[in-house]
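Here are a few exercises to work through with the structure open beside you. Try each task before reading its solution.

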Amino acid sequence: MIRLFILCLFLFFHSAVNAQQNHGWVVGNSGKIITSSNEGTTWNNQTTGVSNNLYSVYFVSISTGWTVGTLGRILKTTNSGIDWSSQNSGTSDNLYSICFVNENIGWTVGQFGRVMKTTNGGTSWSNQSSGTSDNLYSVCFVNENVGWAVGQFGRIIKTTNGGSNWVAQNGGTSNNLQSCNFLNETTGWIVGWSGKILKTTNGGTIWFSQTSVTTNDLYSVKFIDSNKGWAVGWFGKILKTIDGGSNWSSQSSGTTNDLYSVYFVNETTGWAVGWSGKILKSINGGTNWFSQSSGTSLDLRSVFVIP
């Protein structure tokens with residue numbers, strides 16, 4: 001009886017651990033999409049039917065997600081990427097970033113100040129006036145109304161009405177800004193060229209620079225709470241903070257490949273992806289990073305993980 005109880009207990013916890021495994025997707029050049037349902041132990045190809053470079057991927061659930069790329073390409077899946085279908089963006093401009101707040105409402109940004117919104121999961125996309133012709137490289141929304149986009153020449157724009165109006169904010173830099181990450185309507189970070197890191201605690205009314213301990217271009221930033229965050233960039237650079245960015249420290253990535261995207265699901269477990277098929281994973285907050293086999297030498301541009 002005791003042995004039976006122990007066996008049942010083992011099977012219960014084993015099933016619980018398996019059920020909690022993170023599901024991830026990575027997109028990259030030449031239409032490449034790979035996915036993992038076992039923490040990245042194996043990454044498997046998904047069929048897209050396109051050759052566009054894909055720059056950004058975003059999922060709202062384990063089944064429903066989107067990716068965007070060159071020449072206005074938008075793809076959507078409703079079955080975890082088993083099938084990807086094209087959506088009509090109505091533009092041939094490159095699209096660099098996509099963000100959704102639920103299965104229906106989302107935005108994508110790109111070349112020449114392009115901003116588009118959907119309210120029906122991407123069945124139709126409508127243009128919004130961004131007020132700029134600068135390339136926009138990243139978009140992030142915290143709810144249906146409040147969001148930011150950042151890009152070329154230090155451009156920062158914000159909306160408080162779902163994109164009906166976009167207003168410029170002053171980041172105090174002309175550096176290209178590559179990635180934004182907000183926790184809520186007040187607190188967020190932006191990273192960009194030459195190691196630039198900006199932070200706001202009042203929704204962007206005031207942006208202040210943080211000391212990033214690098215002059216490497218930074219391409220992606222991800223925070224899990226108001227204290228812990230990571231940024232990645234050129235030549236394998238990885239930075240971490242545990243105090244909201246007051247202090248940033250370098251982590252050893254073990255690679256000189258450019259890293260284009262970082263995503264952490266909690267304070268210990270995260271991934272970074274980049275040049276020539278590079279995938280790195282950490283299970284101790286970035287103290288150590290180890291490579292995972294992507295099965296490709298194509299550049300990998302974006303990673304997204306559903307816990």
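Buried means under 20% relative accessible area, exposed means over 50%, and partly exposed is anything in between. Keep in mind that this is a predicted model.

**Exercise 1.** Work out which class Asn120 falls into, and where it sits.

*Solution.* Start with the number: Asn120 has 30% relative accessibility, so it counts as partly exposed. Next, find its place: Asn120 lies in the loop between strand E10 (115-118) and strand E11 (126-128). Now check its surroundings. Its side chain makes a polar contact of 2.9 Å with the side chain of Ser124. Ile105 is 15 residues away from Asn120 in sequence, yet their C-alpha atoms are 6.4 Å apart.

**Exercise 2.** Lay out the open sheet of four strands and find its edges.

*Solution.* First, write down the order, which is E3-E2-E1-E28, with antiparallel pairing. Then look at the ends: strand E3 (44-46) and E28 each have a single partner strand, so one side of each has no neighbour in the sheet. From one strand to the next, the twist averages 25 degrees. Finally, zoom in on E1 and E2, which pair over four bridges. Ser36 in E2 is the bridge partner of Gly24.

**Exercise 3.** Track down the largest nonpolar core and see what feeds it.

*Solution.* This core has 21 residues, and Val26, Phe59, Ile279 and Val303 have the most contacts inside it. Strands supplying at least two residues each include E1 (23-28), E4 (54-59) and E28 (300-306). E28 gives the most, with five. To finish, follow Phe59: among the residues it touches are Trp25, Trp84, Phe304 and Ile306.

Note on methods
Residues numbered from 1 in each chain as written. Predicted model: local features only at pLDDT ≥ 70, side-chain atom pairs only at ≥ 80, totals over all residues. Heavy atoms only, no water. Core = buried A, V, L, I, M, F, W, Y, C linked by side-chain atoms within 4.5 Å. Buried < 20%, exposed > 50% of the residue type's maximum accessible area, 1.4 Å probe, protein only. Contact = heavy atoms within 4.5 Å. Pairing = 2+ DSSP bridges. Axes fitted to C-alpha atoms, helices over the stretch in contact; angles between N-to-C directions. Polar contact = N/O pair within 3.5 Å; in protein donor to acceptor, adjacent residues only side chain to side chain. Lists of a residue's contacts leave out its neighbours within four places in sequence.
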